[in-house]
Each structure stands twice: as structure tokens, then as C-alpha cells.
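The following exercises concern a predicted model. Please work through each task before reading its solution.

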Amino acid sequence: MVKINGEQKAVEGMSIFTYLQSENYNTQRVAVECNGNIVPKSQYETFILKENDSLEVVSFVGGG
């Protein structure tokens, strides 16, 4: 299981990019932290989630 924004999810073996798409995130408007480290957008497709990873996904929202 991978902890994502406080919830346990069975997504180990999945790339960050694939996970974000499956949850309908706009990959250009999010920041991802894995185990306390920011993951560069250039690594979303190759960064594979592993058992016990802890992920935080933050969406940017525009407005005024």
C-alpha cells in the first residue's frame, strides 16, 4: 500500500504519472512530494511507486 494524502491506496508498481491520470489530476497543475522529497515533473512518468511510500499531491488553483 502507498499512503497518498493520508489515505492508503494499492498503487505500488504504478508510475506517478499513471496514478495522477487515473485520479483525473492535471499533471501540469500539481506538485508531488514522495517520502519528503519533491518529485520533478520530468520524473512523473518514470518514478514508480513502491510499498510504504508516502505521497502528497497538491493541486494549484487559480483565482483572485
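**Exercise 1.** Determine how many aromatic pairs the structure holds, and classify the geometry.

*Solution.* The structure holds one aromatic pair. Its members are Tyr 19 and Tyr 25, with 6.5 Å from centre to centre and 45° between the planes. Planes under 30 degrees apart would count as stacked and those over 60 as edge-to-face; the pair of Tyr 19 and Tyr 25 is therefore tilted.

**Exercise 2.** Assign Tyr 19 and Tyr 25 to a burial class.

*Solution.* Buried means under 20% relative accessible area, and exposed means over 50%. Tyr 19 has a relative accessibility of 2%, so Tyr 19 counts as buried. Tyr 25 has a relative accessible area of 24% and is therefore partly exposed.

**Exercise 3.** Identify the residues of the largest nonpolar core that touch the most other members, and the elements that supply at least two core residues each.

*Solution.* The core has 14 residues, of which Ile 16, Leu 20, Val 32 and Leu 55 touch the most other members. At least two core residues come from each of strand E1 (2-4), helix H1 (16-22), strand E3 (30-34) and strand E5 (54-59). Beyond its neighbours within four places in sequence, Ile 16 contacts Val 32, Val 39, Tyr 44, Phe 47, Leu 49 and Leu 55.

**Exercise 4.** Locate Asn 35 and describe its surroundings.

*Solution.* Asn 35 lies in the loop between E3 and strand E4 (37-39). Its relative accessibility is 44%, so Asn 35 counts as partly exposed. Leaving aside neighbours within four places in sequence, Asn 35 is in contact with Asn 52, Asp 53 and Ser 54.

Conventions
Residues are numbered from 1 along each chain as its sequence is written. This is a predicted model: local features need pLDDT of at least 70, side-chain atom pairs count only at pLDDT 80 or more; totals for chains, interfaces and linings use all residues. Side-chain values use heavy atoms; hydrogens and water are left out. Rings of Phe, Tyr and Trp (its six-membered ring) pair if their centres lie within 6.5 Å; planes under 30 degrees apart count as stacked, over 60 as edge-to-face and the rest as tilted. Buried means under 20% relative accessible area, exposed over 50%, partly exposed in between (1.4 Å probe, protein chains only). A nonpolar core is a set of buried Ala, Val, Leu, Ile, Met, Phe, Trp, Tyr and Cys residues joined through side-chain atoms within 4.5 Å. Helices (H or I, at least four residues) and strands (E, at least two) are DSSP runs, numbered from the N terminus. Contact means heavy atoms within 4.5 Å.
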